[in-house]
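I opened a fresh page for a structure that was new to me. Come along as I note what I looked up.

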Amino acid sequence: MEEEDSEKEFSNYVLVLLAEVMKRDNKQIVCKLDKIKEIIKKHFNTKDEQIKALKHFKELLNNENNIYDTCKEIISILDNKSKIKTSTAINIKRIEELIRDLLSVAYSDEDFLIQENSTIYTIAQNLLIDKNKYNEIVMDFEMRNQEYDTESLFKYSILVLFAEVSMADNKELTRKEFDSVKKAIRRYYKTEVKQEIALKKFLFFIDQDIYTPKPNYFTIIANLNDVAKSELIMELLAIVYADDCMYMGERYKINEIAEKIGIGNDEYERIKRIFQKKYQQGFYNEKDSQSSKSTSDKDQEEKKRDYQKDKSNTNDNRSHYQKKNWMSGNEAYEILGVDSTVSDSEVKKAYRAMAVKYHPDNAARLGEEALRQATETMKQINAAWETVKEARKIK
């Protein structure tokens with residue numbers, strides 16, 4: 001009976017903390033209330049208890065509640081449980097689960113506000129969760145929360161891995177690298193609000209004492225398809241190339257990430273060569289990502305202007321363009337991943353395998369910018385094939 005009473009007390013204190021998080025969002029919209037109802041069902045068994053708990057929760061929204069005292073009572077309840085029969089490890093898990101419940105309320109409207117994060121972090125501290133553990137819980141929650149939304153997971157992975165590479169060798173992020181991160185965010189997140197949230201997440205990831213994501217993050221990323229993983233690696237390369245200097249630590253870190261997400265050395269070298277051609281041609285510049293779908297009137301007009309401009313270019317301008325887009329035989333073989341001594345049939349086989357593996361259709365669920373990048377990647381593969389085919393006189 002005593003244990004049952006303490007469990008009820010624990011559940012009521014959970015309501016207090018839920019109310020404090022809810023109050024930080026002035027909108028207090030319906031989706032948050034739906035999430036509250038889900039959590040209430042976890043803590044209160046009967047329908048009658050759940051109705052009473054929801055009523056009590058709504059009252060708490062209008063009360064001045066003391067977070068410190070509430071957390072102190074929760075710790076006291078769990079300490080008493082430990083003395084009776086519940087292990088300390090289980091109690092720690094309950095506190096971590098409570099933090100996740102609070103995060104689920106904050107994220108239920110897809111907008112994790114600074115005020116909400118600050119409140120949950122304060123609660124975590126008062127529940128004896130240190131900064132590193134709190135950051136770990138948040139990152140794990142976000143990754144798993146987006147695991148089944150491929151586009152969100154892809155974009156989230158970019159931010160996590162940007163932070164991972166940015167902090168290689170514990171060096172400071174250079175101005176050029178930071179500008180490159182912001183450009184990438186603007187390419188992938190179309191509205192100013194989403195760009196601001198993404199940048200804050202990136203800054204959150206680098207403002208912690210543990211830079212390396214846990215192994216389960218890499219396991220989740222490794223389940224993405226080949227196009228997604230190759231574009232992730234190319235985005236990381238674009239960041240470190242921003243200041244025209246790839247440090248040993250950065251090189252090692254990207255190699256390590258590639259290995260952890262299932263990209264072998266040979267494949268990594270092919271991806272790196274494709275990236276270098278795309279980078280030379282400016283496909284990681286912000287202005288290139290602003291083009292809309294080709295069906296728009298504006299796009300058609302731009303194409304007409306570009307065509308007229310191309311026609312009127314001088315020989316020098318055409319020569320400069322061709323030089324930038326020109327591909328050597330060595331580059332072509334490196335992209336296709338074969339030696340120049342292999343037979344024509346082996347080259348064809350390598351090209352066809354890459355055309356299937358990196359086809360832009362495989363980026364359809366990754367968002368507009370990823371699809372654009374995957375399309376350019378495929379163009380480089382096709383260019384490599386055309387270069388080799390022409391050199392070998394393959395029909």
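**Entry 1: one helix, two faces.** I began with helix 3 and listed its buried residues: Gln50, Ala53, Leu54, Phe57 and Leu60. I then asked how wide an arc they cover around the axis. The answer is only 120°, which means that they sit on the same side of helix 3. A general rule helps me here: an α-helix has 3.6 residues a turn, so residues three or four places apart point the same way. Next I turned to the other side of helix 3, where I found Ile51, Lys52 and Lys55 exposed. I also checked the length: helix 3 runs over residues 47-60, which is 14 residues. From first C-alpha to last, helix 3 reaches 20 Å, close to the 20 Å expected at 1.5 Å a residue.

**Entry 2: the whole protein.** I should say early on that this is a predicted model. I looked up the helices and strands, and the protein has 19 helices and zero strands. Of its 395 residues, 46% are buried. I also looked at contacts with a separation of 6 or more, and 77% of them join residues 24 or more positions apart.

**Entry 3: the cores.** Which residues have the most contacts inside the largest nonpolar core? I found Ile233, Ile254, Leu336 and Ile381, in a core of 72 residues. I followed up on Ile233, leaving aside its neighbours within four places in sequence. Ile233 is in contact with Ile254, Ile257, Ala258, Ile261, Ile263, Tyr268 and Ile271. Apart from that core lies another, of 41 residues, and I noted Ile40, Leu61, Ile137 and Val138 among them.

**Entry 4: two helices crossing.** Leu336 came up again when I looked at helix 17, residues 329-336, beside helix 18, residues 344-357. Their axes come within 9 Å and cross at roughly 60°. That angle is why I wrote down helix 17 as oblique to helix 18. I then asked which residues make the contact. On helix 17 they are Tyr333, Ile335 and Leu336, and on helix 18 they are Val347, Ala350, Tyr351 and Met354.

**Entry 5: a single threonine.** I finished with Thr150, which has its place in helix 8, residues 150-166. Is Thr150 buried or exposed? Its relative accessible area is 18%, and buried means under 20%, so I entered Thr150 as buried. Not counting residues up to four places away in sequence, Thr150 touches Leu224, Arg365 and Leu366.

How values were computed: Residues numbered from 1 in each chain as written. Predicted model: local features only at pLDDT ≥ 70, side-chain atom pairs only at ≥ 80, totals over all residues. Heavy atoms only, no water. Core = buried A, V, L, I, M, F, W, Y, C linked by side-chain atoms within 4.5 Å. Buried < 20%, exposed > 50% of the residue type's maximum accessible area, 1.4 Å probe, protein only. Contact = heavy atoms within 4.5 Å. Helix = DSSP H or I, 4+ residues; strand = E, 2+ residues; numbered from the N terminus. Expected span 1.5 Å × (residues − 1). Arc of directions from axis to C-beta. Axes fitted to C-alpha atoms, helices over the stretch in contact; angles between N-to-C directions. Parallel < 35°, antiparallel > 145°, perpendicular 65-115°, else oblique.
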